[in-house]
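The following paragraphs lead the reader through the structure shown below. They proceed from local strand pairing to domains, cores and the contact between chains.

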Amino acid sequence: MHRSGWVCQNWKLTEKPMNKISKKPPKIARWMLEKMINRYTRYTALGDYEEEYGDDLKNKGYFIAVLIYWSHLFAVLPGYIQEKLSVSGTMLNNYLKIACRNMSRNRVYSVINISGLAIGMTVFTLIIVFVLNEYSYDKFNEKIERIYRVGFENFSQTYLAPGIGKEIRENIPEVQKMARFKIRTDYLAKYLPERDPDNPKYTTIRRFCWVDRDVFDIFSFEFIAGDPSEALSVPYSIVLTESIADILFSEENPLGKTIRINNTNIYTVTGVISDPDKFHIDFDVLASFVTLGKIIGEHELNSYRSWNLQTYVLLPEIHDKTAVSNKMTEHFHKILKKRNIFDLYALKGLYFQGLGSGRYGNLQFIYIFITAAFFILLIACINYINLSTAKAAKRAKEIGIRKVSGSLKRMLVSQFLLESVLISAISFLAAGILLILFIPIFNSMINSKLSLASLNDPLTVIIIFGGVFIIGLIAGLYPALYLSGIKPVSVLKGDAAKGRKGVIFRRTLVVVQFAISIILIIGTVVVFQQLHYVKNADLGFNKEQIIHFDLNRELRSMRGVFRERLLRIPGIRDVSFSQGYPGRIYNWESFDHKGERTGFAVFSVDPEYFDIYDFELIDGRKFSRNIRSDEFGTCIMNEEAARQFKLVDPVGTVFYRSKWGSSSFPSKEVEVIGVVKDFHFESLQDEIRPLLFSWNEGWLWMANIRISPTGISETLENIRQLSIELAPDFPFEYSFINESFNSQYKSEERFGSIFGYFSILAVFIACLGLFGLALFIVEQRKKEVGIRKVLGSSLSGIIVLLSDEFTKWVISANIIAWPISWFIIDRWLNNFAYRINIDLSVFILAGILSVVIAVLTISIQTFRAASANPVDSLRYE
Amino acid sequence: MYFLTRTEEIILLAIWKLQDAAYGMSVREQVAKDTGKKWRSGAVYAPLGRLLKNGYVCQIKGEPTPERGGRHKIYYRLTNEGKKALIEIREVNASIWLGVPKLEID
């Protein structure tokens with residue numbers, strides 16, 4: 001008995017890890033096999049495969065087992081084709097041979113088809129890789145289903161006070177683990193190597209992150225060195241990401257080494273994690289809240305003063321998210337004396353909500369890209385359909401003979417399907433090469449690290465292969481049906497199907513192709529117009545020749561000296577310190593006035609700030625260094641703020657801070673001393689919001705320097721020298737305000753440029769098709785042209801005659817495309833609070849452009865036909 | 001007149017050797033052992049299907065097992081036809097090898 005118990009346990013142990021990965025073979029593969037294996041051995045073979053899969057799973061691992069299982073498909077495929085198409089191997093051979101001959105006989109058409117399809121597939125696969133990559137964020141977390149970020153309903157507040165997290169951990173029983181993230185930027189790390197202490201290594205830690213040590217129980221960061229359960233347990237311990245560890249320690253083992261942060265505290269490295277590239281929070285270093293408590297005081301970790309933490313919770317396997325958030329709402333109602341509706345945001349979707357710090361994705365872009373990629377592929381498929389039906393006349397004899405010698409319709413269908421699958425397979429190979437070439441370019445365009453490595457999942461590969469197969473089928477289906485429907489009698493009698501039938505269908509398809517291309521062109525133009533507009537719009541302040549940089553710890557402590565020394569540099573006109581720059585500035589605080597509560601952006605600056613940026617003062621006065629009281633509890637507001645509080649004569653009004661949050665206003669009362677004209681301190685996607693300027697010397701973390709336009713590089717060098725002289729340990733980096741402000745539109749810009757490339761490709765593929773069609777039509781009308789010329793028609797007359805039809809198609813494509821593109825673009829522009837009006841000229845421009853491109857494309861053909869000697873075309877009659 | 005193909009011969013012999021234990025997997029393993037080569041699964045199942053269709057083998061339903069996804073094992077047996085064909089091919093083999101002069105590679 002005892003023994004059997006042991007055996008049973010042992011079995012469980014070996015069984016357990018296998019439950020995680022499915023013990024059953026892949027469903028899709030099984031289904032396909034079931035359909036494809038010949039019926040005599042289906043039952044036994046399926047059973048065998050499954051048994052074998054089980055064995056392989058044990059002996060060779062999941063990946064190999066799945067691969068082997070899938071590979072059975074290839075083994076049964078030939079038999080399946082033979083059975084289904086009732087085509088023998090010999091016929092199959094014949095089909096392949098004929099297909100190859102056809103391709104090499106009509107090289108131009110083959111090249112057009114293959115290159116079009118290849119480009120389409122490249123774009124499509126790129127987009128698939130891109131989308132897979134976007135969806136892979138945060139998925140490395142094993143407990144992803146159970147992790148939530150705490151916030152308030154309607155996304156109204158994503159940053160919480162430290163006290164909230166602490167209360168949640170202690171008082172909400174469902175919360176198993178809680179971790180808070182507090183991110184600080186630009187810390188300096190210094191390491192003195194033991195062997196070579198005179199040669200310290202430095203690096204700036206871009207994003208230094210304070211966390212609760214439970215963070216490793218919630219998120220599944222991959223530890224390269226160190227033990228996750230121990231990593232942050234002792235105060236002054238630190239966990240580095242791999243890239244930071246590489247910079248500081250290169251070859252050495254970082255574990256147990258000490259580094260000095262900001263030249264003050266010494267930390268011991270207790271762990272190294274691989275770079276969390278796929279985590280929605282961007283950070284380089286983790287240190288624990290315990291340590292933070294030692295530095296800023298324990299009570300700060302429980303306070304409700306500063307609202308700048310992101311708080312995550314881990315719930316049990318089975319949980320009711322709303323019940324938990326309701327509990328939080330109730331609990332904090334008592335503590336905060338205010339009812340805030342809490343909500344929990346699942347980690348799964350956080351990346352696309354883009355409310356965290358660091359990385360976020362844009363679902364709208366993804367949808368638009370997928371749609372565009374799909375349409376490009378569609379255009380390429382249309383090329384194939386058009387060209388192969390147009391060429392039907394040439395194949396008609398072959399089809400007639402095949403039919404007369406006993407070929408069934410479905411055999412012909414399968415022949416033509418096989419041809420199209422062959423073409424798409426060749427295109428796919430070409431696409432593979434293009435893909436390898438273009439992935440780096442695409443990466444630099446969207447600033448990502450995509451690689452084909454994300455395609456190593458066998459399922460994805462199969463999907464893509466299947467996709468190719470299906471594309472081949474879709475593109476080939478209509479031509480196959482059309483061609484196989486040709487009547488042998490009419491063909492052999494002589495009045496062959498001259499491709500008349502289906503002319504209307506082809507026309508429609510060309511119109512569709514061009515309509516899509518035109519929509520893309522118009523879209524691109526408008527996107528760039530809007531971007532030009534937002535970048536060059538009058539923001540209400542002067543943004544030229546101003547540089548800004550974060551004051552490091554050293555410079556911050558000697559601001560006065562720094563300013564004085566800066567002003568001595570000849571190229572510098574003005575210096576001001578502030579909390580941030582337009583585009584990245586504010587706290588969000590709420591204020592009471594006559595019983596009304598409103599939220600304002602609050603931005604701390606010094607008096608010189610107004611001179612540097614040239615804000616237009618419309619009422620009252622600016623801060624003055626001569627009036628001592630200005631620093632305490634006065635503010636300058638923008639017009640919007642006055643409007644929010646319904647102030648007719650704002651200057652002199654006093655209102656009160658509501659309780660929450662730390663503030664750059666030292667006192668509770670705030671008096672208005674001036675009003676500035678509204679200016680855009682945020683991206684033009686948003687309405688101008690109410691804003692208050694405060695003046696608090698403790699909140700000035702950034703330098704703004706206006707420099708004269710001459711000798712800029714010299715001035716910058718001088719500033720750098722000064723910064724390094726005053727704060728030798730810190731690197732000096734600066735940016736121009738207009739660039740920083742415009743960097744808000746980076747993702748839109750990227751979107752625009754990708755969109756631009758898409759439309760170029762779409763137009764290119766559509767033109768390829770048009771070129772092929774023109775070639776065909778001109779060939780068809782060769783004799784007509786010859787006769788016309790003999791009867792005295794002019795060169796230009798014939799060119800017009802031949803181009804006439806194409807022009808009509810393109811113009812009708814325009815008519816279809818305009819309303820559709822207007823509709824789509826209008827929706828996109830609505831993302832911007834300040835947008836351009838869609839100009840009719842864009843449409844007309846796109847229309848003219850498309851006609852010109854189309855006419856140019858066919859002009860080679862028409863010109864050649866028109867200038868040909870009629871003797872050549874008529875001689876043999 | 002119809003002779004078994006080499007593949008069919010090999011598979012039939014494998015089934016005969018395995019006697020009661022001849023089902024898909026074991027046949028594949030036996031065939032691989034006999035020839036010392038890896039066989040693609042289709043290379044076994046397709047001829048097996050053909051043999052079944054032509055009546056050289058018959059199927060016997062075995063017990064269902066969980067590792068086969070709840071399917072029955074299907075055992076294969078030679079029919080008399082199959083045995084006859086094997087005997088015939090053995091004779092043909094013997095006779096075509098009869099009187100072969102010493103076969104060597106120079």
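**From strand pairing to the chain interface**

A:S578 has A:M702 as its bridge partner in β20(A). The coordinates belong to a predicted model, and this pair is a convenient point of entry. Strand β20 of chain A, residues 702–707, is joined to β12(A) by 6 bridges, and the two strands run antiparallel. In general, strands of a sheet pair through backbone hydrogen bonds, in either a parallel or an antiparallel manner.

Both strands belong to an open sheet of 4 strands in chain A, whose order is β12-β20-β11-β21 and whose pairing is antiparallel. Its edges are formed by β12 (572–578) and β21 (735–736) of chain A, each of which pairs on one side only. Across β12 and β20 of chain A lies helix α20 of the same chain, residues 559–568, which runs at about 160° to β12(A).

A further set of paired strands is found elsewhere in chain A. Strand β2 (residues 177–191) of chain A is connected to strand β6 (residues 258–261) of chain A by 2 bridges, in an antiparallel arrangement. Within this pairing, A:A189 has A:I261 in β6(A) as its bridge partner. β6(A) is also joined by 4 bridges to strand β7 (residues 265–273) of chain A, again running antiparallel. There, A:T268 in β7(A) stands opposite A:T258. The hairpin of β6(A) and β7(A) has 3 residues between the strands, and A:N262 takes a positive phi near 50° in it.

The domain division places these elements in a wider frame. Chain A comprises domain 1 (21–85), domain 2 (144–353), domain 3 (503–536 + 745–874) and domain 4 (546–743). Measured by sequence alone, domain 3 is thus written as two segments, 503–536 and 745–874. The centres of domain 1 and domain 4 of chain A, taken over C-alpha atoms, are separated by 68 Å.

Which residues have the most contacts inside the largest nonpolar core? They are A:Y148, A:V285, A:L286, A:V313 and A:M637, in a core of 106 residues. Domain 2 (144–353) and domain 4 (546–743) of chain A each supply at least three residues to this core. Leaving out residues up to four places away in sequence, A:V285 touches A:I205, A:F208, A:C209, A:I238, A:L240, A:T241 and A:I244. A second core, separate from the one just described, has 97 residues, including A:V421, A:I765, A:V778 and A:A866.

Is A:T122 buried or exposed? This residue lies in helix α6 of chain A, residues 107–135. A:T122 counts as buried because it has 27 C-beta neighbours inside 10 Å, where 20 or more are required. Apart from neighbours within four places in sequence, A:T122 is in contact with A:A431, A:L434, A:L435 and A:F438. By contrast, A:L555 lies 433 residues away along the chain, and its C-alpha atom is separated from that of A:T122 by 51 Å.

The remaining topic is the interface. Here 18 residues of chain B are in contact with 18 residues of chain A. On the chain B side, the elements giving two or more residues are α2 (24–35), α3 (41–53) and β2 (72–78) of chain B. Of these, α3(B) contributes the most, with 8 residues. The side of chain B that touches chain A consists, by class, of 7 nonpolar, 5 polar and 6 charged residues.

Conventions: Residues numbered from 1 in each chain as written. Chains lettered and ligands numbered in written order. Predicted model: local features only at pLDDT ≥ 70, side-chain atom pairs only at ≥ 80, totals over all residues. Domains from an automatic or database assignment. Contact = placed C-beta atoms within 7 Å. Nonpolar A, V, L, I, M, F, W, Y, C, P; charged D, E, K, R; others polar. Buried ≥ 20, exposed ≤ 12 C-beta atoms within 10 Å, placed from the backbone. Pairing = 2+ DSSP bridges. Axes fitted to C-alpha atoms, helices over the stretch in contact; angles between N-to-C directions. Core = buried A, V, L, I, M, F, W, Y, C linked by C-beta atoms within 7 Å.
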